[in-house]
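Visitor: I have a few questions about this model. Could you walk me through the sites one by one?
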Amino acid sequence: MSGLTLGRRLMDRLAALACFSDEAEGLTRLYLSPSHKRAADALAGWMQEAGLDVRLDAVGSLIGRYEGVAAAAPALLVGSHIDTVRQAGKYDGALGVLAALTAVEALSKSGERLPFAIEVVAFGDEEGVRFPSTLRGSRALAGTLDASALDERDPEGISVREALVAFGADPAKLRASAMTREGVLGYVEVHIEQGPVLERASRPVGVVTAINGARRLGVVVQGTAGHSGTSPMAMRRDSLAAAAEMVLAVERIAYQTGDVVATVGSIEARPGAVNVIPGETRFTIDARAPSDEARDAVVGRIENAIDGIAARRGLAVTITQAHRAPATACDANLIARLDAAARAAGHEPVHLPSGAGHDAMAMAALCPVAMLFVRCAGGISHHPAEAITIEDADAAMRVLLNFLRTYKP
Ligand code: GLV
Ligand code: MN
Ligand code: MN
């Protein structure tokens, strides 16, 4: 194909997928929501048109298989996720799924079979916005998802299991959804960079060296609700005022510590009325770093600070861990092959670590993993202003196709 044909095809599909949203304004597509279902149905149709055999696994991941020269050969998995954050951009996740589909579609159109199978994977639970933990899709494929992760509930009280049944998946088949090591060659994920490095280097693509490890904590601060007019200031046990101090401690401690980042992204005060002292406040902490040791040291200091603030104010506090993913190194052989594929497409790749989490982290428990990053405007992500150019989309497609055509099991 010549010109920007592949890039245009990819951008058109990205625009089409972005129409499936839980909210009328903007793009919000949470795991197992009705719009996730509609997006998965559309994607299944596109996969079938491209000649793939499509299946939906126990946790709602959609997988399309393109056979190699010999049937039932081990597969190279290529994909990403189709769930989004609230008020998301069009590219985080969808880019990797649709790049994989567009590449396989190009092979299929020209009747090209490779010495291995390709499975295009669309995971559904990468953002982890709806339920406390995350990466259920990739953990299920890698065989590391405990069935108890299906008992988690969203803020409306709906369990993962119930949502899966409504989605049309069969959670009882969790074990059978795990792939075997022999059946899988590796996992490759194309993703927008979500940071400014490639733009600053004026390069369209980068190859990821490692993915930062992440931990998510849930904090519940228990005080005493009371009348906002009649309770003297010195006699209050205000859970929200305490949480405010805790949030600032999270920021201060992470700030003091090199590569570690920590964020309180969600907070809720109960009962939540203008004239009631908040009796209970819940908030989340997300902490990440390139090294698990550095991140754990910061989390330890944060936990101590929270305990100290609660004790000084006479409040009870509980901290629970909702998610933990170790820092993940990408595979040296796959990195070298992606480098060569990028050079063959005329692009010297930048090597960079990933600050964001990805399904590749969970897939690393099963097989070698690698990621190709694509430049995004201003490094902006998790925001409607997320953007890539058609030229960069096309460059990514050429690199991916070069990679697939030269990959040897
Ligand atoms: C997902 O984008 C994450 O890094 O949390
Ligand atoms: Mn993503
Ligand atoms: Mn994301």
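Guide: Gladly, and let us start with a term: a residue is near a molecule if one of its heavy atoms lies within 4 Å of it. Please keep in mind that this is a predicted model.

Visitor: Which residues surround ligand 1?
Guide: The cut-off for being near is a heavy atom within 4 Å. The shell around ligand 1 divides into one nonpolar, two polar and four charged residues. Its members are Glu126, Glu127, Arg216, Arg288, Ala356, Gly357 and His382.

Visitor: How much of ligand 1 does the protein bury?
Guide: Let us look at the polar contacts before the area. An oxygen atom of ligand 1 lies 2.9 Å from a side-chain N or O atom of Glu127, and an oxygen atom of the ligand is 2.6 Å from a side-chain N or O atom of Arg288. The backbone takes part too, with a polar atom of Gly357 at 2.7 Å from an oxygen atom of ligand 1. Taken alone, ligand 1 exposes 200 Å², and the share of that buried by the protein is 93%.

Visitor: Turning to the metals, what spacing do the donors of the manganese ion (ligand 2) follow along the chain?
Guide: The protein donors of this ion are His81 (NE2), Asp92 (OD) and His191 (NE2), at 2.0 to 2.2 Å from it. Asp92 belongs to the loop between strand 3 (75–81) and helix 3 (94–109), while His191 belongs to strand 5 (residues 184–192), so this pair links distant parts of the chain, 99 residues apart. Both Asp92 and His191 are buried. Written along the chain, the spacing is H-x10-D-x98-H.

Visitor: Which residue coordinates both manganese ions?
Guide: The manganese ion (ligand 3) has Asp92 (OD), Glu127 (OE), Glu127 (OE) and His382 (NE2) as protein donors, lying 2.0 to 2.6 Å from it. The manganese ion (ligand 2) and the manganese ion (ligand 3) are 3.5 Å apart. The residue that bridges them is Asp92.

Visitor: How many residues apart in sequence are the parts that Glu127 and His382 tie together?
Guide: In sequence, the donor residues of the manganese ion (ligand 3) are spaced D-x34-E-x254-H. Glu127 lies in the loop between strand 4 (117–123) and helix 4 (136–142), and His382 in the loop between strand 16 (369–374) and helix 12 (390–406), so the parts they tie together are separated in sequence by 255 residues.

Visitor: Is His382 buried, partly exposed or exposed?
Guide: Buried means under 20% relative accessible area and exposed means over 50%. Glu127, with 8%, is buried. His382 has a relative accessible area of 41%, so His382 is partly exposed.

Visitor: Now to Arg65: which residue offers its backbone oxygen to the side chain of Arg65?
Guide: Arg65 sits in strand 2 (residues 62–66) and counts as buried because its relative accessibility is 13%. Its side chain makes a polar contact of 2.9 Å with the side chain of Glu67. The backbone oxygen reached by the Arg65 side chain, at 2.8 Å, is that of Ala73.

Visitor: How far apart in space are Val54 and Arg65, C-alpha to C-alpha?
Guide: Val54 is found in strand 1 (residues 53–56), and Val54 is partly exposed, with a relative accessible area of 27%. Beyond its neighbours within four places in sequence, Val54 is in contact with residues including Leu62, Ile63 and Gly64. Val54 and Arg65 are 11 residues apart in sequence, and their C-alpha separation in space is 6.4 Å.

Conventions
Residues are numbered from 1 along each chain as its sequence is written. Chains are lettered from A and ligands numbered from 1 in the order in which they are written. This is a predicted model: local features need pLDDT of at least 70, side-chain atom pairs count only at pLDDT 80 or more; totals for chains, interfaces and linings use all residues. Side-chain values use heavy atoms; hydrogens and water are left out. Donors are N, O and S atoms within 2.8 Å of the metal (3.2 Å for Na, K and Ca); water is not among the atoms, so sites may look incomplete. Helices (H or I, at least four residues) and strands (E, at least two) are DSSP runs, numbered from the N terminus. Buried means under 20% relative accessible area, exposed over 50%, partly exposed in between (1.4 Å probe, protein chains only). Contact means heavy atoms within 4.5 Å. A polar contact is a pair of N or O atoms within 3.5 Å; within protein, one must be able to donate a hydrogen and the other to accept it, and residues adjacent in sequence count only if both atoms are side-chain atoms. Accessible areas come from the Shrake-Rupley method with a 1.4 Å probe; for residues, only the protein chains shown count as cover. Ala, Val, Leu, Ile, Met, Phe, Trp, Tyr, Cys and Pro count as nonpolar, Asp, Glu, Lys and Arg as charged, and the others, Gly among them, as polar.
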